[in-house]
Structures are given as structure tokens and as C-alpha cells.
Amino acid sequence: MPGASFVTHLQAAIDGTVLPARTIQTTHQSRPLWVRYDLDAVSRAVTRADLPDRPPTLWRYRELLPVDDDSCIVSLGEGMTPLIDCPRLASSLGIDRLLIKDESQLPTGSFKSRGMAVAVSMAKQLGIQRVAVPTAGNAGGALAAYAARAGMECWVFMPADTPEVNKAESRLFGAHTFQVDGLITDCARVVQLGRERMGWFDMSTLKEPYRIEGKKTMGLELAEQMNWSLPGVILYPTGGGTGLIGMWKAFAELGAIGWLESDRRPRMFACQSSTCAPIPDAFDAGLRFAHPPDNPRTIASGLRVPNAVGDFMILDAVRESGGRAMAADEHRLLEWMRLVCETEGIALCPESAACIGVLERALRDGTIAASETAVVFNTGAAQKYTELIRTDLPTLDPDHLDFDALAGS
Ligand SMILES: *Cc1c(COP(=O)(O)O)cnc(C)c1O
């Protein structure tokens with residue numbers, strides 16, 4: 001097949017069971033699957049020097065992606081987000097060098113588009129025509145947009161307290177969109193129960209193998225943008241964990257094909273909110289699997305994931321890297337969001353505000369040294385959280401202007 005991928009097989013993350021690729025697969029023992037490649041063949045097929053001539057989208061890493069047939073690629077030009085040096089923010093936090101990888105500039109304003117671009121392309125290749133997803137945030141809009149682009153039917157189920165923009169965008173992109181009376185787990189149950197009768201393919205986080213491969217490209221891009229020398233520390237706002245798991249996989253694959261300048265890997269910090277912190281709790285308790293917290297709430301909708309099916313994959317990656325899972329104070333998320341918006345002009349989402357909180361704490365208690373280079377992922381656009389950023393502006397009467405009062409405001 002022209003443009004055939006280098007995928008050899010899929011592999012169950014929980015016990016290593018090998019499953020065939022190029023056929024519809026979901027999970028094994030209700031746990032996620034890895035996509036495995038012939039990395040020797042990849043290293044013979046492409047070199048670092050080939051990249052600069054390729055388009056600035058995540059498809060430039062074609063040989064490390066699972067799509068066999070180029071005509072199945074569903075793209076909105078996603079990828080190559082800027083890696084922005086933040087000297088003013090760094091000095092206010094007390095670290096020498098801080099970079100933000102700004103994923104808010106992707107289609108539909110969040111990094112969910114990376115995962116969905118690859119997952120929808122694979123769904124197309126596998127002949128799937130009707131996709132469904134439970135979501136409390138950005139996943140619904142991203143899936144709806146890529147499904148529209150692919151000419152696929154899309155169904156989205158959200159809890160009532162999902163941010164307004166997320167509800168609206170899903171409808172706007174033509175998905176059958178429903179509010180469900182209950183939590184995200186109830187939305188997941190709707191998809192599960194309707195699968196057979198409705199012919200839905202479940203695109204939930206880590207319940208199909210390819211969203212990780214899309215999110216993996218954050219790690220590939222970061223490596224390329226840093227000239228194949230990775231930073232000391234990565235802080236990542238962790239919900240289901242696909243991004244963190246995907247990046248750790250990216251670094252392993254780049255190491256295996258010999259593209260990295262050294263064997264040193266970043267320490268991975270999984271960041272959550274103090275009011276929904278199953279991963280930090282499991283990390284501190286030395287557990288491999290997380291327990292759902294009692295009353296999971298947070299204004300950071302992308303982090304409201306009480307029950308991650310890839311919990312052990314997140315915890316394994318964090319521990320292997322020598323990093324940590326930490327929670328930031330829920331009550332200060334808005335403050336950190338404003339700090340980054342005001343000092344650097346970057347539209348930081350509340351999820352990534354948790355990374356700033358964790359960084360502040362880790363610098364204070366010595367977990368992260370001021371001399372390390374840190375990269376924070378801004379996974380979504382602040383503007384999508386209208387309920388959080390809404391503000392009443394003072395009104396001016398142009399016929400009765402008082403500039404003395406203005407100057408003092
Ligand atoms: C989904 C989401 C997250 C969590 O992503 P995972 O990779 O599943 O951990 C973080 N931030 C935003 C803005 C999100 O939409």
C-alpha cells in the first residue's frame with residue numbers, strides 16, 4: 001500500500017498481550033493498547049534532516065504515526081505550535097528559564113485536536129462511519145470538527161455543567177450533542193449502552209489506541225524545537241493522561257531511532273487540582289493504580305477525571321522519569337491563569353494554571369531547582385472558559401469624561 005505505516009502490532013499496556021494492527025481494536029481487559037512500530041525500519045526510512053522540508057503540521061512525523069493510507073489523513077493543519085520563552089513569568093516564579101508550549105493555537109483551541117486528528121484518520125482508514133464520545137470539556141468540539149472534516153457522523157454526550165463554549169462548539173460542528181443528567185461516567189455509560197444499537201465507535205480517552213499517537217506529537221515537536229536536547233522538567237496538566245503518556249512514548253521512540261542528543265530524559269510532573277487529585281494521591285501512597293476521589297470538582301474541566309483507565313501508565317511514566325505527581329491549590333487557579341495572561345500575553349487555560357501552581361510549590365520546596373529549564377504545556381485557550389473569565393466592564397459616558405478619575409483607576 002503506498003505510504004504504508006511502520007506499525008507492526010498493538011500491545012496491551014496491562015500485560016503485554018500482542019494484538020493485530022489494521023483491524024478495529026479498542027482495549028484489552030478494559031485497559032489501553034500501545035501502538036508498536038518497527039523502529040529500525042523507521043530509522044532507515046527517515047532522518048532528522050528530512051524534517052525541515054516538510055509542512056509544519058504533526059504529519060511531518062509520518063513515519064512515527066499509524067496511518068497506512070495517505071488518502072485517509074483528516075487534517076485541519078494541526079501541529080507545530082510555538083514554544084515560547086517566558087522571561088518575565090520565569091523571574092516572577094524564581095526559575096532561570098521557563099518555556100510554554102502553546103497548544104491553545106490549535107484547531108478548536110485545544111490540544112485535543114492532535115489526538116482527534118490521528119484517531120479520526122484511523123477511524124476513516126478502518127471504515128468507521130459513526131463516532132461517539134463522552135466529554136466534560138474540549139474533546140467533544142475537537143471530535144465534532146474532525147468528524148465534520150471527514151464526513152463522519154458524530155455523537156457527543158456531556159454533563160450539564162460542561163463549559164458553555166464546549167457545548168456550543170460541538171453543535172456548531174454538526175455533532176448530535178446531548179446534555180446528560182449525571183457525571184462524565186454516566187455519559188460514558190450512554191456510549192457503552194448504545195454502541196451496538198446505534199453503531200457508535202467509542203472515541204473515549206484511551207478506549208481506542210490512536211489518540212495517544214496524536215498526542216505523542218507534542219513530544220516529537222518539543223524535541224525538534226529544542227534541537228533534540230530535551231528540557232530538565234516538563235509540567236503537564238493531567239486528566240486522562242494521554243498527553244503525558246504519549247510524550248513519554250515519544251521520547252522512548254526518538255531515543256530508539258537515535259535522534260536525541262543524549263540519554264537524559266525530562267522529569268515528568270503530572271499536575272492536578274487539590275480538589276480532584278487521584279494521581280498525586282496514588283503517587284504519594286506508592287500505588288500503581290489510582291482511587292477515584294470522593295467529591296471530584298474543579299473549575300479546570302479537563303482535569304475533572306476521577307477514574308483514568310490509563311492511571312498506571314501515567315504513574316509508571318512519572319516514576320520512570322524521576323518526576324512527581326503534584327496537586328495545585330484549586331482556589332488559586334484563576335490567579336495563576338491571570339498571572340500568565342498578564343505577564344506574557346499567553347491565553348493560559350485553568351488546567352495549565354495547575355502547572356504554574358505546582359511549579360511555584362516545587363521551586364519553593366526544592367523539588368525543582370531554579371537552574372533547571374522547565375516547559376509548561378498550555379493545553380487550551382483561556383477564551384473558551386467564558387464562565388470563568390466573564391467580567392463586568394466599567395462604563396464610560398463619552399460626553400462626561402473625567403480623565404483624573406481614569407488616571408487613578
Ligand atoms: C483534556 C484536557 C486536559 C487533560 O488531557 P489528558 O491528556 O487527557 O490528560 C488538559 N487540559 C485541557 C485544556 C484539556 O482539554
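## Helices, strands and ground rules

Helices (H or I, at least four residues) and strands (E, at least two) are DSSP runs, numbered from the N terminus. What you're looking at is a predicted model, so local features need pLDDT of at least 70 and side-chain atom pairs count only at pLDDT 80 or more, while totals for chains, interfaces and linings use all residues. Residue numbers start from 1 along each chain as its sequence is written, and side-chain values use heavy atoms, with hydrogens and water left out.

## The largest core

Let's start with the largest nonpolar core (buried Ala, Val, Leu, Ile, Met, Phe, Trp, Tyr and Cys joined through side-chain atoms within 4.5 Å; buried means under 20% relative accessible area with a 1.4 Å probe, protein chains only). This core has 46 residues, and Ile234, Leu244, Met247, Phe251, Leu254 and Phe377 have the most contacts inside it. At least two core residues come from each of H7 (211–225), E10 (233–237), H8 (242–256), E11 (267–273), H9 (278–284), H10 (311–321) and E13 (373–378). Helix H8 gives the largest share, seven residues.

Pick out Phe377: leaving aside residues up to four places away in sequence, Phe377 touches (heavy atoms within 4.5 Å) Lys101, Glu103, Met218, Leu222, Ile234, Leu235, Tyr236, Pro237, Met247 and Ser352.

## Another core

Apart from the largest core lies another one, of 38 residues, including Val7, Ala139, Ala144 and Tyr146.

## The largest pocket

Now for a pocket (an open set of points on a 1 Å grid over the protein atoms alone, where a 1.4 Å probe fits, with protein on both sides within 12 Å along at least five of seven lines; lining residues have an atom within 4 Å of a point). The largest one holds about 790 Å³ of space, counted as the space filled by probe spheres set on the points. Among its 46 lining residues, Ile184, Thr205, Gly240, Val305 and Asn307 are the closest to the centre.

Two or more lining residues come from each of E6 (130–134), H6 (184–198), H7 and E10. The largest share is H6's, with three residues.

Technical notes. Buried means under 20% relative accessible area, exposed over 50%, partly exposed in between (1.4 Å probe, protein chains only).
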